[in-house]
Amino acid sequence: MRLYHVPGTRSSRVHWMLEEIGKPYDVTVMAREERHEPPHLARHPLGRVPVVHDGDGHVFESAGICLHLAESNPEAGLIPAAGTHDRALVYQWVFYAMLELELGIVEKYVYGETDAARTAAGVASYRKALQVIEDELAGKEYLVGGTFSVADLIVAGVCGFGVYLGMNDGFPNVAAYLERTNARPAQQRANAA
Ligand SMILES: N[C@@H](CCC(=O)N[C@@H](CS)C(=O)NCC(=O)O)C(=O)O
């Protein structure tokens, strides 16, 4: 497995996932501009990261890659059995993070300096979606089945960008959750690398 990685981007969540799995892997750290050069455009037609090569070919989209890694390494215990209700909840939260939480963050990241109305709408939509996570975490440490799963990795990875952009004030359960997920040795190792 090889990860094509630009630190401080969505490829960091795949890096974290690879550390959670704990098997050997390779990382190609790229400069931001390399994403739009022909070798990387051959891996991802839009010139984005993350991309992995899993031995059979390239795969892009961070959440898809993390689900693939969780499913293909069941001994890591990061995903419940296929066909169970808990597996459905993992899909629910992974797609929720990518489609309900991340969009508002991207609006603020892209338009924060140039379009106040669009930024405000993005922040409002993110915070409305984050309230659902805040409520879900009342009295529990992780989103599905009482243990850390790939759903937590994706939700925490997305919410971490919210923290970075100052969008998370006033969500104590989420703050405690991010402290827990950030303290995981695998997350620490990925950050340190
Ligand atoms: N939905 C994709 C988004 C990938 C993405 O937008 N990556 C950014 C870094 S966070 C990127 O490489 N952008 C370069 C570009 O779009 O030119 C995923 O989750 O993998």
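The face of helix H7 that is turned away from its buried side carries the exposed residues Pro172, Ala176 and Glu179. H7 belongs to a predicted model of a protein chain with eight helices and four strands. The domain assignment divides this chain into domain 1 (2-77) and domain 2 (85-184). The points below begin with H7 and then turn to the chain, its domains, its core and some single residues.

**Helix H7**

- H7 covers residues 172-182, and its buried residues are Val174, Tyr177 and Thr181.
- These buried residues lie on the same side of H7, because they cover an arc of only 60° around the axis.
- An α-helix has 3.6 residues a turn, so residues three or four places apart point the same way.
- The packing partners of the buried residues of H7 are helix H5 (116-136), helix H6 (150-164) and helix H8 (185-192).

**The chain as a whole**

- In sequence order, the helices and strands of the protein chain follow the pattern β-α-β-α-β-β-α-α-α-α-α-α.
- The radius of gyration of the chain is 17 Å, close to the 16 Å that the globule rule gives for 193 residues, so the chain is as compact as a globular protein of that length.
- The C-alpha trace spans about 45 × 40 × 30 Å along its principal axes.
- Of the 193 residues in the chain, 36% are buried.
- Among contacts with a separation of 6 or more, 61% join residues 24 or more positions apart.

**The two domains**

- A distance of 21 Å separates the C-alpha centres of domain 1 and domain 2.
- Nine residues from domain 1 and seven residues from domain 2 take part in the contact between them.
- On the side of domain 1 that touches domain 2, the elements that give two or more residues are helix H1 (11-21) and helix H3 (62-72).
- The residues on that side of domain 1 comprise six nonpolar, one polar and two charged.

**The nonpolar core**

- The largest nonpolar core has 45 residues, and those with the most contacts inside it are Cys66, Val150, Ile154 and Val155.
- Two or more residues of this core come from each of strand E1 (2-5), H1, strand E3 (51-53), H3, helix H4 (85-111), H5, H6 and H7.
- H6 gives the largest share of the core, nine residues.
- This core lies between domain 1 (2-77) and domain 2 (85-184), because both give residues to it.
- In soluble globular proteins, nonpolar side chains tend to be buried together.
- Apart from residues up to four places away in sequence, isoleucine 154 touches Arg13, Ala63, Cys66, Val94 and Ala97.

**Backbone features in two loops**

- Most residues other than glycine have a negative phi, and most peptide bonds are trans.
- The peptide bond from valine 49 to proline 50 is cis, with omega near 5°.
- Proline 50 is in the loop between helix H2 (38-41) and E3.
- Glutamate 61 is not a glycine, yet its phi is positive, at about 85°.
- The loop that holds glutamate 61 runs between strand E4 (58-60) and H3.
- Glutamate 61 has 16 other C-beta atoms within 10 Å and is therefore partly exposed.

**Proline 74**

- Proline 74 sits in the loop between H3 and H4.
- This proline 74 counts as exposed because it has 12 C-beta neighbours inside 10 Å, and a residue with 12 or fewer is exposed.
- Proline 74 and isoleucine 21 are 53 residues apart along the chain, and their C-alpha atoms are separated by 9.2 Å.

**Threonine 119**

- Threonine 119 is part of helix H5.
- With 19 other C-beta atoms within 10 Å, threonine 119 is partly exposed, since a residue is buried if it has 20 or more.
- The contacts of threonine 119, leaving aside neighbours within four places in sequence, are with Glu107, Lys108, Tyr111 and Gly112.
- Threonine 119 and valine 49 are 70 residues apart in sequence, and the distance between them in space is 24 Å, C-alpha to C-alpha.

Conventions:
Residues are numbered from 1 along each chain as its sequence is written. This is a predicted model: local features need pLDDT of at least 70, side-chain atom pairs count only at pLDDT 80 or more; totals for chains, interfaces and linings use all residues. Domain bounds come from an automatic or database domain assignment. Two residues are in contact if their C-beta atoms, placed from the backbone, lie within 7 Å. Ala, Val, Leu, Ile, Met, Phe, Trp, Tyr, Cys and Pro count as nonpolar, Asp, Glu, Lys and Arg as charged, and the others, Gly among them, as polar. The arc is that of the directions from the helix axis to the C-beta atoms. A nonpolar core is a set of buried Ala, Val, Leu, Ile, Met, Phe, Trp, Tyr and Cys residues joined through C-beta atoms within 7 Å. The radius of gyration is taken over C-alpha atoms; the globule rule is 2.2 Å times the number of residues to the power 0.38.
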